Amino acid sequence: MSRKVAVVGISPDPPATQANFKQKHRLPFPLLADTERVVAHRYGVIDPNTLAGRWLKWVRRTTFLIGPDGRIQRIFRNVSASGHARQVLAALGESIRGQPAAGPGHAGRAGDG
């Protein structure tokens with residue numbers, strides 16, 4: 001059984017920075033710029049913090065698996081790039097076999113919040 005999967009990266013970096021990052025790492029998927037952090041706020045991944053006395057709004061690296069119905073099937077929070085692709089592929093494999101993907105998740109529609 002095959003399943004179509006769309007991979008999209010979103011970050012608050014400007015498009016020029018993303019283009020360089022995409023080329024450097026030879027990423028085979030689009031990167032979308034969320035420079036105003038609208039999407040990050042909607043998905044609840046903003047982590048306000050201070051650095052040198054200035055308030056900053058860091059975006060926590062997070063992966064969402066969103067089903068064809070628009071519902072979030074699984075959330076991977078505070079991910080590390082090392083080994084993360086294998087985790088996502090394993091979760092997708094569980095989903096393809098009809099088993100629920102283990103781990104924390106959210107039963108809402110993508111972008112609800």
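# A first look at the chain

The accessible surface of the chain comes to about 8400 Å², and carbon and sulfur atoms account for 55% of that area. What you are looking at is a predicted model, so confidence is a good place to begin. The pLDDT averages 78 over the chain, and 75% of the residues score at least 70. One stretch deserves some care as you read: over residues 100–109 the pLDDT stays under 50. For that stretch, the model has 21 contacts beyond four places in sequence.

## The overall plan

How many helices and strands does the chain have? There are three helices and six strands. If you follow the sequence from its start, they come in the pattern β-α-β-α-β-β-β-β-α. The chain has 113 residues, and 23% of them are buried. Among contacts with a separation of 6 or more, 30% join residues that are 24 or more positions apart.

## Inside: the nonpolar core

Which residues make up the largest nonpolar core? This core has six residues in all: Leu 65, Phe 76, Val 79, Val 88, Ala 91 and Leu 92. Helix 3, which covers residues 84–96, gives the most to this core, with three residues. A general tendency fits this picture: in soluble globular proteins, nonpolar side chains tend to be buried together.

Val 88 is a handy residue to explore, and you will find it in helix 3. Its relative accessibility is 14%, so Val 88 counts as buried, the cut-off being under 20%. Not counting residues up to four places away in sequence, Val 88 touches Thr 63, Leu 65 and Phe 76. The C-alpha atoms of Val 88 and Phe 76 are 8.5 Å apart, while the two residues are 12 apart in sequence.

Leu 92 is another member of the core. Leaving aside neighbours within four places in sequence, Leu 92 is in contact with Val 5 and Leu 65. Leu 65 is also one of the residues that Val 88 touches.

Gln 87 lies in helix 3 too. Is Gln 87 buried or partly exposed? With a relative accessibility of 44%, Gln 87 counts as partly exposed, because that class runs between 20% and 50%. The C-alpha atoms of Gln 87 and Phe 76 are separated by 9.0 Å, and the residues are 11 apart along the chain.

## Outside: a nonpolar patch

Now for the surface. Val 8, Ile 10, Leu 32 and Val 39 make a nonpolar surface patch of about 310 Å². Val 39 has its place in helix 2, which spans residues 38–42. This valine is partly exposed, with a relative accessible area of 31%. Why can Val 39 be part of a patch? A patch residue needs over 30% relative accessible area, and Val 39 has 31%, so Val 39 passes that cut-off.

## Two arginines with a positive phi

Most residues other than glycine have a negative phi. Arg 26 has a positive phi although it is not a glycine, and Arg 37 likewise has a positive phi without being a glycine. The table sets out their values.

| Residue | Phi | Loop | Relative accessibility |
|---|---|---|---|
| Arg 26 | about 50° | between helix 1 (15–25) and strand 2 (31–33) | 72% |
| Arg 37 | about 65° | between strand 2 and helix 2 | 26% |

Where do these two arginines lie? Arg 26 is in the loop between helix 1 and strand 2, and Arg 37 is in the loop between strand 2 and helix 2. Arg 26 is exposed at 72%, whereas Arg 37 counts as partly exposed at 26%.

Notes. Residues are numbered from 1 along each chain as its sequence is written. This is a predicted model: local features need pLDDT of at least 70, side-chain atom pairs count only at pLDDT 80 or more; totals for chains, interfaces and linings use all residues. Side-chain values use heavy atoms; hydrogens and water are left out. Patches are made of residues with over 30% relative accessible area and no salt bridge: like charges are joined within 9 Å, nonpolar side chains (Val, Leu, Ile, Met, Phe, Trp, Tyr) within 5 Å. Accessible areas come from the Shrake-Rupley method with a 1.4 Å probe; for residues, only the protein chains shown count as cover. A salt bridge is a side-chain nitrogen of Lys or Arg within 4 Å of a carboxyl oxygen of Asp or Glu. Helices (H or I, at least four residues) and strands (E, at least two) are DSSP runs, numbered from the N terminus. Buried means under 20% relative accessible area, exposed over 50%, partly exposed in between (1.4 Å probe, protein chains only). pLDDT is the predictor's confidence in each residue, from 0 to 100. Contact means heavy atoms within 4.5 Å. A nonpolar core is a set of buried Ala, Val, Leu, Ile, Met, Phe, Trp, Tyr and Cys residues joined through side-chain atoms within 4.5 Å.
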